[in-house]
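Trainee: Could you choose one part of this model and take me through it closely? I would like to see how it sits among its neighbours.

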Amino acid sequence: MEIVSGTAADEILERIFQPTTKPSALDQAEETLRHPKKLVYAAMSNRHFYWRSHIQKFILDSGMIPVSPFMLFDYYLLHTVPKQVVREAMNNLLARCDECWVFGHLSLGVKVQIGVAKRLNKKTRYFDIEELPVAVMPISEESAQEERRE
């Protein structure tokens with residue numbers, strides 16, 4: 001049986017409580033290049049526009065990088081460019097993403113984005129956001145509900 005000395009315990013405590021240095025910008029850039037995170041396209045109806053920041057945070061907290069049209073283009077760039085130009089940009093972003101995550105009810109536009117993602121063989125996940133800002137719950141594709149038109 002080995003006897004543990006006080007100095008061994010002190011060395012362990014020293015390592016535990018030693019201040020950690022923050023990585024430099026160069027270290028962070030190197031880590032990003034060596035281990036890039038997946039890009040996730042955030043598909044959501046414009047009726048859920050006000051939850052866009054919460055959804056961004058949810059994707060970041062999941063260890064992925066969010067690509068959200070509403071964060072990039074606001075609401076069709078406040079209608080300063082034709083919708084078709086923004087839609088084309090959104091489809092190009094979707095094509096470059098690794099996955100498509102769908103939040104909330106399915107509007108016509110979201111259904112088209114899902115169709116594009118599926119044709120490009122993107123992994124597609126669905127989430128219920130009824131409990132935001134408290135929770136985002138994963139659901140099956142079959143559980144995803146269509147948006148009601150009023």
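**A close look at strand S3**

Mentor: In the protein chain, the mean positions of the 19 positive and 20 negative charges lie 10 Å apart (Lys and Arg are positive, Asp and Glu negative, His and chain ends uncounted; each charge is placed at NZ of Lys, CZ of Arg, CG of Asp or CD of Glu). The model is predicted, so local features need pLDDT of at least 70 and side-chain atom pairs pLDDT 80 or more, while totals for chains, interfaces and linings use all residues. Residues are numbered from 1 along each chain as its sequence is written, and side-chain values use heavy atoms, without hydrogens and water.

The protein chain has seven helices and five strands (DSSP runs numbered from the N terminus: H or I of at least four residues, E of at least two). Along the sequence they follow the order α-α-β-α-β-α-α-α-β-α-β-β.

Of the 150 residues in the protein chain, 30% are buried (under 20% relative accessible area, 1.4 Å probe, protein chains only). Strand S3, residues 99-103, is largely enclosed by the rest of the structure because five of its five residues are buried. On one side of S3 are the buried residues Glu99, Trp101 and Phe103, and on the other are Cys100 and Val102, also buried, so that both faces are covered.

S3 has strand partners as well. Strand S1 (residues 39-44) pairs with S3 in the parallel sense, over five bridges (pairing takes at least two DSSP bridges). Within that pairing, tyrosine 41 has cysteine 100 of S3 as its bridge partner. Strand S4 (residues 123-128) also runs parallel to S3, joined to it by five bridges. Here phenylalanine 103 is partnered by phenylalanine 127 in S4. Cysteine 100 and phenylalanine 103 thus appear twice in this account: as buried residues of S3, and as bridge partners of tyrosine 41 and phenylalanine 127.

Terms used: Buried means under 20% relative accessible area, exposed over 50%, partly exposed in between (1.4 Å probe, protein chains only).
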